[in-house]
Amino acid sequence: VVGVILAMLMIILPNKQQDHNPSLYKSASDVIRKRKATIALCSVFIIYGIADFSLKLVQFNVENAYRDEETLNTHLTALTGAIFFMSAALSFILCLVKGSFRKHPLNWTIIAWGTLLGAVNVGCTACMLRALGMMPTGHFYPLYNIGIVLVSTIIGICFFKERIKIVQLLGFILAIAAIAFFF
């Protein structure tokens, strides 16, 4: 419970705005933009929850169906490949429908970086599916998400020379404390 409370504080503190005065939104378009941003944020939360639940459900069913380790790993690898193949196919179809290939010329550098990012993402998903089988879901997802925030913060500071405020530093420290409480 303490870990979850610390994790929630870690998320809330760095994003706390100084002034919640509605008069800051000077025009109707600013209000609409804020509403769209709120809807987008809620959509990400809901879709992320559905995706995580679906992964855990499939992983649980695969684990119960295949008790020997080699068959289980084969099926989890096939599941990961299927997820990313479907994602790539749907993205390609969407680009065809939207006419993206006509609007933007083929750029091999972007394709190479996209392929590298996709390979890393496949590896992360494969590791995530295996980790879900090794630890309770209630521990895994908070640790996973806190870890993403910590690594992103460190990358931002080291590579992009971002400056963090005291409140963000406090959130960073709370994230580390939350991880400690989960173990």
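# Exercises on an all-helical predicted chain

Among contacts in the chain between residues at least 6 apart in sequence, 73% join residues at least 24 apart. The coordinates come from a predicted model, and the exercises below work from the whole chain down to single residues.

## Exercise 1. The chain as a whole

Determine how many helices and strands the chain holds, and state what fraction of its residues count as buried.

*Solution.* Begin with the secondary structure, which comes to seven helices and zero strands. Reading along the sequence then gives the pattern α-α-α-α-α-α-α. For burial, take the 183 residues of the chain, of which 17% count as buried.

## Exercise 2. Confidence

Find which helix has the lowest confidence in the chain and which has the highest.

*Solution.* Start from the overall figure: the chain averages a pLDDT of 79, and 87% of the residues score at least 70. Going element by element, confidence is lowest in helix 1, residues 2-15, where the mean is 66. At the other end stands helix 5, where confidence is highest, at 86.

## Exercise 3. Helix 3 against helix 5

Classify the packing of helix 3 and helix 5 by angle and by handedness, and describe the residues that make the contact.

*Solution.* First, the geometry: helix 3 (residues 69-98) and helix 5 (residues 108-134) pack at an angle of about 140°, and their axes lie 10 Å apart. Second, the class: angles over 145 degrees count as roughly antiparallel, and helix 3 and helix 5 are therefore oblique to each other. Third, the handedness: the crossing of helix 3 and helix 5 is right-handed. Fourth, the contact itself: helix 3 contributes Asn73, Leu76, Thr77, Leu79, Thr80 and Phe84, which meet Asn121, Val122, Thr125, Ala126, Leu129 and Arg130 of helix 5. By character, the residues of the contact of helix 3 with helix 5 divide into six nonpolar, five polar and one charged.

## Exercise 4. Two threonines in that contact

Decide whether Thr80 and Thr125 are buried or exposed, and list what each touches beyond four places in sequence.

*Solution.* Take Thr80, whose place is in helix 3. The cut-off for buried is under 20% relative accessible area, so Thr80, at 1% relative accessibility, counts as buried. Setting aside residues up to four places away in sequence, Thr80 touches Val122, Thr125, Ala126 and Leu129. Turn next to Thr125, which is found in helix 5 and, with 10% relative accessibility, also counts as buried. Under the same exclusion of residues up to four places away, Thr125 touches Thr80 and Phe84.

## Exercise 5. Helix 6 against helix 7

Carry out the corresponding analysis for helix 6 and helix 7, giving angle class, handedness and the make-up of the contact.

*Solution.* The angle between helix 6 (residues 137-160) and helix 7 (residues 166-182) is about 150°, with the two axes 10 Å apart. That angle makes helix 6 roughly antiparallel to helix 7. The crossing of helix 6 and helix 7 is left-handed. On the side of helix 6 the contact is made by Gly138, His139, Pro142, Leu143, Ile146, Leu150, Thr153 and Ile154, while helix 7 supplies Phe172, Ala175, Ile176, Ala178, Ile179 and Phe182. Sorted by character, the residues of the contact of helix 6 with helix 7 divide into eleven nonpolar, three polar and no charged.

## Exercise 6. Gly133, Met135 and Lys161

Locate Gly133, Met135 and Lys161 in the chain, and state how accessible each one is.

*Solution.* Gly133 lies in helix 5, and at 38% relative accessibility Gly133 counts as partly exposed. Not counting residues up to four places away in sequence, Gly133 touches Gln59 and Glu63. The pair Gly133 and Gln59 is 74 residues apart in sequence, yet 7.3 Å apart in space from C-alpha to C-alpha.

Met135 is found in the loop between helix 5 and helix 6, where it is partly exposed, with a relative accessible area of 25%. Leaving aside neighbours within four places in sequence, Met135 is in contact with Phe140 and Leu143.

Lys161 belongs to the loop between helix 6 and helix 7, and with a relative accessible area of 63% Lys161 is exposed. For its backbone, note that most residues other than glycine have a negative phi. Phi of Lys161, by contrast, is near 55°, a positive value in a residue other than glycine.

Note on methods. Residues are numbered from 1 along each chain as its sequence is written. This is a predicted model: local features need pLDDT of at least 70, side-chain atom pairs count only at pLDDT 80 or more; totals for chains, interfaces and linings use all residues. Side-chain values use heavy atoms; hydrogens and water are left out. Axes are lines fitted to C-alpha atoms, for helices over the stretch in contact, and angles run from 0 to 180 degrees between N-to-C directions. Helices (H or I, at least four residues) and strands (E, at least two) are DSSP runs, numbered from the N terminus. Angles under 35 degrees count as roughly parallel, over 145 as roughly antiparallel, 65 to 115 as roughly perpendicular and the rest as oblique. A crossing is left-handed if the near helix is turned anticlockwise from the far one by less than a right angle, and right-handed if clockwise. Contact means heavy atoms within 4.5 Å. Ala, Val, Leu, Ile, Met, Phe, Trp, Tyr, Cys and Pro count as nonpolar, Asp, Glu, Lys and Arg as charged, and the others, Gly among them, as polar. pLDDT is the predictor's confidence in each residue, from 0 to 100. Buried means under 20% relative accessible area, exposed over 50%, partly exposed in between (1.4 Å probe, protein chains only).
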